[in-house]
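Where is there empty space in a folded chain, and which residues surround it? Let's look at the pockets of this model together.

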Amino acid sequence: MWIFLNGKFVRQEDAVVSVFDHGFLYGDGVYETIRSYGSRIFMCDHHIARLFRSAEAIGLTIPFPEKEWPDLLHEAMRRNDVGNDRRDAYLRITSSRGPGDIGLDPSLCPNPTIVIIAKPLVPPASQLYEQGVSLIVAKTRRNLPSALSPQIKATNFLNNILAKREAIAVGAFDSLLLNWENDITECTVSNLFFITSGRVQTPAVECGILDGITREVVLRLAKDQRLPVDESRFTVDRLHQADECFLTNTSMEIMPVTSIDGRPVGSGKPGPITRSLQTSFREKREHFLEPAP
């Protein structure tokens, strides 16, 4: 595998980061996870813009301008023989504060570390889309947004990892986190939607969620179908009354949820509105890809 590291491509075994890197020492950095469909990257400009917003929010300067990033990503895909007719690409960009002396002062790190990993995308198993997945409501709470903004896609992921461990312990697909006021927020790597009496409902950004890029696409698709949409605060009780539920993120698109805390969602099978949005996403995703070369 070829890795882009600080301005050049190096072999995986040579892609070495200092033990004094503040990303390693303190989780001081930001990242983006992106995918391609063939050679065309999904919502590329949106992902790169969010990377730069996250970096700006923590006072981190990314040394390559936004306009250069599509070419860097495509070069990473080409070198690793992904993002083509045979294999969609999974792309991970990481930008850490970089190496510096021990201490929290960002000025100790004059040069950030920049990494691009490009590898084959491994989507969830097809039967999960047919059968749906199970969630639990985690005991771990979502970080207070006043302490750490969820709009910063930070490399410090311990909050999510603790919730993921809870799901793994009981054999669930993922955990749903509540916020400080017992409102539902999001899962460890995805946004959550549910359907009640034909209304598409999802936690509002002010509940303490990352405003996901696929979430944005699904909201647009729902409005195109003239489905009523509510972005608001919801309790677990409201969720347990839902007829349908699904998750969204860039790599898995729209994933049906058919069980929460051992209780079936609706009929216990993926519902018609979920299926309709999945179909619409597949039919219209061409509009969310880079222009064909």
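What follows is a short walk through two pockets, the largest one and then the second largest.

Keep in mind that this is a predicted model. A general idea helps at the start: when a probe the size of a water molecule is rolled over the atoms, it shows where empty space is left.

Let's begin with the largest pocket, which holds about 1000 Å³ of space. Its lining is made by 46 residues, and those nearest its centre are Tyr31, Lys153, Phe157, Thr188 and Val189. Several elements each give two or more residues to this lining: the strands β3 (29–37), β5 (89–96), β6 (113–120), β9 (184–187) and β13 (244–249), together with the helices α2 (44–57), α5 (158–170) and α6 (213–224). Of these contributors, α5 gives the most, with 4 residues. If you sort the lining of the largest pocket by residue type, you find 20 nonpolar, 17 polar and 9 charged residues.

Now move on to the second largest pocket, with a volume of about 270 Å³. Here 15 residues form the lining, and Val17, Thr94, Thr113, Val115 and Ile117 are the closest to the centre. Two or more residues of this lining come from each of β1 (2–5), α1 (22–26), β5 and β6. The largest share belongs to β5, which supplies 4 residues. By type, the lining of the second largest pocket divides into 7 nonpolar, 6 polar and 2 charged residues.

As you turn the model, look for β5 and β6: each gives two or more residues to the lining of the largest pocket, and each does so for the second largest pocket as well.

Note on methods: Residues are numbered from 1 along each chain as its sequence is written. This is a predicted model: local features need pLDDT of at least 70, side-chain atom pairs count only at pLDDT 80 or more; totals for chains, interfaces and linings use all residues. Side-chain values use heavy atoms; hydrogens and water are left out. On a 1 Å grid over the protein atoms alone, a cavity is a set of points where a 1.4 Å probe fits but cannot get out, and a pocket is an open set with protein on both sides within 12 Å along at least five of seven lines; lining residues have an atom within 4 Å of a point. Grid points are joined across faces, edges and corners, and a volume is the space filled by probe spheres set on the points. Ala, Val, Leu, Ile, Met, Phe, Trp, Tyr, Cys and Pro count as nonpolar, Asp, Glu, Lys and Arg as charged, and the others, Gly among them, as polar.
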